[in-house]
Amino acid sequence: MIKMNSNEFDKLVKEDTGLKGNCNLCKESKHDVGKKTGYGVIIYKIGNAKNGWFATLSPKTGGNPKHDFTIQLMPFSHLTHFSQIENYPGMAENYGICFSKICSAMTKILMQNEDLKADTSNKDLSAPIATYGKSTTWNKKKEHLHIKIFQFRDNIGQPYTVDSSFGRKKTFKDKDEEFVKMNPVKKVMLGKKRFEQLAKELVSLLKD
Ligand SMILES: [Zn+2]
């Protein structure tokens with residue numbers, strides 16, 4: 001048996017996850033599929049208020065605004081930690097369905113728009129999809145869970161700290177500090193027309 005401070009873990013999983021008036025993501029969750037939320041557009045919903053997830057198309061990308069786009073996946077309720085998910089029956093299952101459906105829809109759109117291949121020795125013809133999310137109990141950074149799904153290429157496709165290729169990057173020294181170089185990433189808006197077209201396409205692909 002692992003000895004642990006189970007009291008603290010119980011406190012964490014039993015946290016009140018009811019809608020918070022001051023949380024943007026709680027507010028977004030109330031909109032219907034296809035509707036603008038004030039930030040993005042809701043493209044998919046699954047499950048109920050207690051075990052469900054919703055996904056939005058973000059109006060901005062850190063990649064190429066002509067080809068790239070980011071989708072954000074969130075629970076309806078105000079969960080703040082990944083470890084809370086299994087406490088709600090059906091929530092893990094709904095996450096899996098939502099995540100895989102979004103990845104499929106994203107891949108279909110990329111392949112169709114850029115003629116990408118299922119298996120290729122040409123990096124430019126590949127369909128690279130990555131996901132990123134984090135959670136903490138540090139109250140300064142505790143926020144409504146959200147997971148990003150995006151194309152891992154160009155400046156967004158640089159090795160990340162968890163990749164062994166990050167550890168192999170050339171290191172430089174500034175006084176006593178070591179550092180590695182990375183290309184800067186700037187988020188840009190998608191064109192209005194492309195954003196609306198993409199949202200429509202995603203809603204329709206995710207219906208099936
Ligand atoms: Zn919230």
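Angles between helices under 35 degrees count as roughly parallel, over 145 as roughly antiparallel, 65 to 115 as roughly perpendicular and the rest as oblique. Here is a quick tour of a predicted model, in which local features need pLDDT of at least 70, side-chain atom pairs count only at pLDDT 80 or more, and totals for chains, interfaces and linings use all residues. Residues are numbered from 1 along each chain as its sequence is written.

**The sheet**
- Five strands (DSSP runs of E, at least two residues, numbered from the N terminus) form an open antiparallel sheet in the order E1-E2-E4-E6-E5.
- E1 (41-46) and E5 (129-133) each have a single partner strand, so one side of each lacks a neighbour in the sheet.
- From one strand to the next, the twist averages 20 degrees.
- Pairing takes at least two DSSP bridges; E1 and E2 (residues 53-57) pair over five, in the antiparallel sense.
- Tyr-44 has Ala-55 in E2 as its bridge partner.

**The helices** (DSSP runs of H or I, at least four residues)
- Helix H5 (residues 192-207) packs on the sheet and touches E1 and E2, where contact means C-beta atoms, placed from the backbone, within 7 Å.
- The axes of H3 (residues 91-114) and H5 come within 10 Å and cross at roughly 125 degrees; axes are lines fitted to C-alpha atoms, for helices over the stretch in contact, and angles run from 0 to 180 degrees between N-to-C directions.
- H3 and H5 are therefore oblique to each other.
- Lys-101, Ala-105, Lys-108 and Ile-109 of H3 meet Glu-201, Leu-202, Leu-205 and Leu-206 of H5.

Notes:
Two residues are in contact if their C-beta atoms, placed from the backbone, lie within 7 Å.
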